[in-house]
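User: I'd like to learn how to read a structure like this one. Could you walk me through it, one feature at a time?

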Amino acid sequence: MDNIKNDTLEILLSQDEIKAKVKEMAGQINEDYRGKSPVLVGILKGSVVFLAALMKEIEIRCSIDFIAVSSYAGASETSGIVKMIMDLRESITDRHVLLIEDIVDTGLTMDYLKDNLLTRRPASYNICSLLSKPSARRVPVDVKYLGFEIPDKFVVGYGLDYQEQYRNIPYIATLKPEIYRRNK
Ligand code: IMP
């Protein structure tokens with residue numbers, strides 16, 4: 001059978017591990033944002049699975065919005081150039097903004113968005129990311145809510161893609177080397 005799970009090599013984080021962590025992170029957000037009605041800003045497309053899971057565990061009043069940026073253009077290495085593809089629908093002026101990201105790698109995306117979004121004068125601004133690769137960082141990023149630190153390996157699943165595929169794998173995994181060779 002043509003099952004995309006057969007293309008994975010090593011499971012770095014299982015569904016159960018992620019589920020428990022998401023619950024823990026939401027618990028902290030519930031406490032910190034009580035009475036603040038934050039806007040959760042999901043960064044498309046990678047954050048959608050994480051955002052959907054996280055918001056179901058958030059019990060305070062909140063809204064969601066989306067922003068799309070690109071820095072990879074289908075490759076597995078960042079181009080270093082971040083581009084805004086789609087802006088927010090709503091104003092964030094005087095709102096408590098919690099940016100929801102799948103993974104902080106070089107930090108360039110977060111750096112770009114911070115500069116851009118802070119000019120709109122939100123009441124507060126924090127970053128929540130499921131994953132971080134600290135050893136790949138090119139610019140410092142302050143991630144207030146972090147799920148897991150992972151080694152500097154390319155991973156897919158739980159919203160993260162390789163050439164727009166594998167976002168629907170429910171765990172975080174590496175891919176078999178032949179998948180990259182096939183796509184060269
Ligand atoms: P940064 O700007 O280098 O921090 O990269 C952030 C974006 O690159 C993330 O939102 C992901 O979309 C993508 N990215 C970074 N590392 C990986 C990975 O291991 N797998 C899939 N996408 C990744």
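Analyst: Let's start with burial: a residue is buried under 20% relative accessible area, exposed over 50% and partly exposed in between, using a 1.4 Å probe and protein chains only. In helix 3, that label goes to Leu108, Thr109, Met110, Leu113 and Leu117. Helices (H or I, at least four residues) and strands (E, at least two) are DSSP runs, numbered from the N terminus. One caution: this is a predicted model, where local features need pLDDT of at least 70 and side-chain atom pairs pLDDT 80 or more, while totals for chains, interfaces and linings use all residues. Residues are numbered from 1 along each chain as its sequence is written, and side-chain values use heavy atoms, with hydrogens and water left out.

User: What covers the buried residues of helix 3?

Analyst: Cover is read from contacts, meaning heavy atoms within 4.5 Å. For helix 3, the cover includes strand 2 (39–44), strand 3 (63–70), strand 5 and strand 6 (124–132).

User: How many helices and strands does the protein have?

Analyst: There are four helices and eight strands, and along the sequence they run β-α-β-α-β-β-β-α-β-β-β-α. The radius of gyration is 16 Å, close to the 16 Å from the globule rule for 184 residues, so the protein is as compact as a globular protein of that length. That radius is taken over C-alpha atoms, and the rule is 2.2 Å times the number of residues to the power 0.38. Of the 184 residues, 46% are buried.

User: Now the ligand. Which residues are closest to it?

Analyst: A residue is near a molecule if one of its heavy atoms lies within 4 Å of it. Here 16 residues surround the ligand, and the closest are Asp105, Thr106, Thr109, Lys133 and Val155. Strand 5 gives the most to that shell, with four residues.

User: Which side chains make polar contacts with the ligand?

Analyst: A polar contact is a pair of N or O atoms within 3.5 Å; within protein, one must be able to donate a hydrogen and the other to accept it, and residues adjacent in sequence count only if both atoms are side-chain atoms. Oxygen atoms of the ligand lie 2.4 Å from a side-chain N or O of threonine 109, 2.8 Å from one of lysine 133 and 3.0 Å from a polar side-chain atom of glutamate 101. Taken alone, the ligand exposes 490 Å², and the protein buries 92% of that. Those areas come from the Shrake-Rupley method with a 1.4 Å probe; for residues, only the protein chains shown count as cover.

User: Is threonine 8 buried or exposed?

Analyst: Buried, at 11% relative accessible area. Threonine 8 sits in strand 1 (residues 8–13), and a polar atom of its side chain lies 2.7 Å from the backbone oxygen of lysine 5. Beyond neighbours within four places in sequence, threonine 8 contacts Ile169, Tyr171, Ala173, Thr174, Leu175 and Lys176.

User: What about backbone oddities?

Analyst: Most residues other than glycine have a negative phi, and most peptide bonds are trans. In this model, a cis bond joins leucine 44 and lysine 45, with omega about -5 degrees. Aspartate 94 has a positive phi, near 65 degrees; this residue is exposed, at 61%, in the loop between strand 4 (83–86) and strand 5. Tyrosine 158 also has a positive phi, near 50 degrees, but is buried, at 10%. Its loop runs between strand 7 (145–149) and strand 8 (172–175).
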